[in-house]
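Welcome, and thanks for opening the viewer. Let's take a short walk through this chain, one selection at a time.

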Amino acid sequence: MCEPLTIAIAAAAMSAAGTASNYVQGQQNAAATAEAAARNQELQNQQIKEQQTQVNNKAANDETERMRAAQQEQAKLRVISGESGALGLTQDRLLADSNFQEGSDIATIEANKNTELKQTSINSLANYNQNTSAVNSAYNKAPTLLGTGLQIGTNMGSSYFGYKQAIK
């Protein structure tokens, strides 16, 4: 039969090993979470960049299309004015209105583009905050060296008191 001191020492050693193992595993889990969050952030940044490129390209295409439509409209107005003989103020007024509508439409396209780009920037910031929060949460849940030392000390104390009671 084993004596109480040997049992207490063995129990304390196993407890210390288990607690140390929990510490290492917790730190590894936190590091893995941080690494995954960093990869996730990188992918999200690439996605945001692609969205911004698409927004810029769409706006450029829309503006080009609107300018082309305005040129066609103004050419038709010139032809109609020339054929009808309505030159002067009427033609100038029609062309000025067409130019105004074109400018207004392009300003709207630009405003929409800027709004969409601002939204992608906000999404990027939200993604960053979410990933940072995940990392911070993982490290906050991971066991600390001090906590691990206190746990080992508590386990040693319990083993010692168990030993003291066993020899009484």
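Start with the whole chain selected and coloured by burial: 22% of its 168 residues count as buried. Keep in mind as you look around that this is a predicted model.

**The overall outline**

Now zoom out until everything fits on the screen. Along the principal axes, the C-alpha atoms fill a box of roughly 125 × 20 × 15 Å. How does the radius of gyration of the chain compare with that of a compact globule of 168 residues? The chain has 37 Å, whereas such a globule would have a value near 15 Å.

Switch to a cartoon view next. You will find 3 helices and 0 strands, and reading from the N terminus the order of elements is α-α-α.

**Surface and charges**

Turn on the surface. The accessible area of the chain comes to about 11700 Å², and carbon and sulfur atoms hold 57% of it. Then pick out the charged side chains: 13 are positive and 15 are negative, and the centres of these two sets lie 12 Å apart.

**A stop at glutamine 44**

Select residues 4-84, which make up helix 1, and look within this helix for glutamine 44. Is glutamine 44 buried or exposed? Its relative accessible area is 13%, so glutamine 44 falls under the 20% cut-off and counts as buried.

Which residues does glutamine 44 touch, once its neighbours within four places in sequence are set aside? Show Asn127 and Asn131, because both have heavy atoms within 4.5 Å of glutamine 44. Add asparagine 123 to the selection as well: this residue is 79 residues away along the chain, yet its C-alpha atom is 9.2 Å from that of glutamine 44.

Such pairings fit a wider pattern. Among contacts in the chain with a separation of 6 or more, 91% join residues 24 or more positions apart.

**Finishing on helix 3**

Finally, select residues 145-167, the 23 residues of helix 3. At 1.5 Å a residue, this helix should span 33 Å, and its end C-alpha atoms are indeed 33 Å apart. Highlight Thr148, Asn155, Ser159 and Tyr163 here, as these residues of helix 3 are buried. In an α-helix there are 3.6 residues a turn, so residues three or four places apart point the same way.

Technical notes. Residues numbered from 1 in each chain as written. Predicted model: local features only at pLDDT ≥ 70, side-chain atom pairs only at ≥ 80, totals over all residues. Heavy atoms only, no water. Helix = DSSP H or I, 4+ residues; strand = E, 2+ residues; numbered from the N terminus. Buried < 20%, exposed > 50% of the residue type's maximum accessible area, 1.4 Å probe, protein only. Rg over C-alpha atoms; globule rule 2.2 N^0.38 Å. Areas by Shrake-Rupley, 256 points an atom, 1.4 Å probe, with all protein chains shown as cover. Lys, Arg positive; Asp, Glu negative; His and termini not counted. Charge placed at Lys NZ, Arg CZ, Asp CG, Glu CD. Expected span 1.5 Å × (residues − 1).
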